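Reader: I should be grateful for a close look at a single part of this structure. Please explain how its pieces are arranged with respect to one another, in terms that a first-year student can follow.

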Amino acid sequence: MKVDFYRHDLGPEHASLVADVLSTAYLTSGNVGREVEEKLCGYFGAKHAALVNSWTNGAVAALLALDIGPGDEVIVPAQTFIATANVAELIGAKPVFVDVDPITLLMRPEDVRTALTPRTRAVIPVHLYGQMVNIATLKAALSDRPNIAIIEDSAHCFEGELGGSKPGRHSTCAIFSFYATKNVTCGEGGAIVTNDSSLYERLIQTRMHGMSAAAIDRFKLGGYQHWDMVRVGMKANLSDLLASLLPGQIDKIDEKLPRREELCSVYERAFANTPIRIPGGITNGKHARHIFVIHVPPQIRDQASKMLGDNDIGITVNYRSVPTMTFYREKYGYTETSFPTSHYWGAGTITLPLYLSLSDEQQSHVINVVKNHIAPLAERIIREL
């Protein structure tokens, strides 16, 4: 039985949304995008939202808007996607890694405190796999350093909550991804939400080359209006063509979560009494259930991945520890022991299929392969240790 790693739930009916944009004068950022931004403000209870063309470019635009650059440091978790660290490198700052909690795999405030230096300008906590870092606690831990920005990496956590608070409530800003595999998607794209009006005004500029007015504003009076460049920026805006796919998904995202929760619960029950590990849950939180990750002994991870592939099951790895990547290892001299929890988890992680159209039969096939073929290998390795 073939089981794809991922299948989005957009269909031919969404083509009409794109066609509606094609009938207007603006294919780039225009009124459609602004309507989506208003919808995002309503969903997250934020004062401002800015659509961007990727999480990565949105994060770079945010760092530029915060005037972070060469000589500054940005604290990031070692267990995350490379983009979380890369954005600091791209603007000339230094990413400073911290290890993660061995149960939840989330950033801990005490580790952030230990990593602080006079050069620290920002912290990027990652809501990994859909579970939220406690941003209120992190903010309290940094209360004596109010100049340090907290930028939530919410690429996995659109519909997540902690203590009734959504991303963006307690931080400088939260950044989302609308990449192809995300719970809300337009293929490529993202968004930034913030309650800081001054930051928002700078973000609008840094996401568009530093220009003082976007195209729709330069022509809104019926003729060309001069613009100025007031700060360094980049090309990070999202076109209306892609933004048009988002409103209906945002409206229905919470209706879809129970099915994702059901699929994850089936996985969790199936692996409960096996040597297959899964990240621990947080209390008082609402899990976005973005992806479902298991951990096997690192010695058999590649063999286990091949077994799943041989059984027509698509998988991926989310993620190998960033400091073990060649670039960071060679530039900063990190080793496998530098961030042991992140390295151990990253060396044994496998992401299983999780999407709305995954059938019960397909999920059973995945579970059977893991339990009947991979779990015995894991058990043998554990006994030999």
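Author: Two parts are said to be in contact when heavy atoms lie within 4.5 Å of each other, and the angle between two elements is taken between their N-to-C directions, on a scale from 0 to 180 degrees. The model discussed here is predicted.

The part I shall describe is a sheet, together with helices that lie against it. Strands of a sheet pair through backbone hydrogen bonds, in either a parallel or an antiparallel sense. This sheet is open and has 7 strands, in the order β1-β8-β7-β5-β4-β2-β3, and its pairing is mixed. At its edges stand β1 (48-52) and β3 (94-98); each has a single partner strand, so one side of each is left without a neighbour in the sheet. If direction is ignored, neighbouring strands are turned against each other by 25 degrees on average.

One pair of strands deserves attention. β5, residues 149-153, pairs with β7, residues 173-177, in the parallel sense, and 3 bridges join them. Within this pair, I151 stands opposite C173 of β7.

We may now turn to the helices. Helix α4 packs on the sheet, where it touches β2 (73-77), β3 and β5. The direction of α4 makes about 150 degrees with that of β3. Helix α7, residues 197-206, lies across β1, β7 and β8 (190-194). The angle of α7 to β1 is about 20 degrees. β1 therefore has two roles in this description: it is an edge strand of the sheet, and it is one of the strands that α7 lies across.

Helix α4 also has a helix packed against it. Two packed helices are described by the angle between their axes and the distance between the axes. For α3 (residues 55-65) and α4 (residues 82-90), the angle is about 45 degrees and the axes are 9 Å apart. This angle makes α3 oblique to α4. The crossing of α3 past α4 is right-handed. On the α3 side, the residues that meet α4 are W55, T56, A59, V60 and L63; on the α4 side, they are A83, T84, V87, A88 and L90. Sorted by class, this contact has 8 nonpolar residues and 2 polar ones, with no charged residues.

In summary, α4 packs on the sheet and also meets α3, while α7 lies across β1, β7 and β8.

Note on methods. Residues numbered from 1 in each chain as written. Predicted model: local features only at pLDDT ≥ 70, side-chain atom pairs only at ≥ 80, totals over all residues. Heavy atoms only, no water. Helix = DSSP H or I, 4+ residues; strand = E, 2+ residues; numbered from the N terminus. Parallel < 35°, antiparallel > 145°, perpendicular 65-115°, else oblique. Left-handed = near helix turned anticlockwise from the far one by under 90°. Nonpolar A, V, L, I, M, F, W, Y, C, P; charged D, E, K, R; others polar. Pairing = 2+ DSSP bridges.
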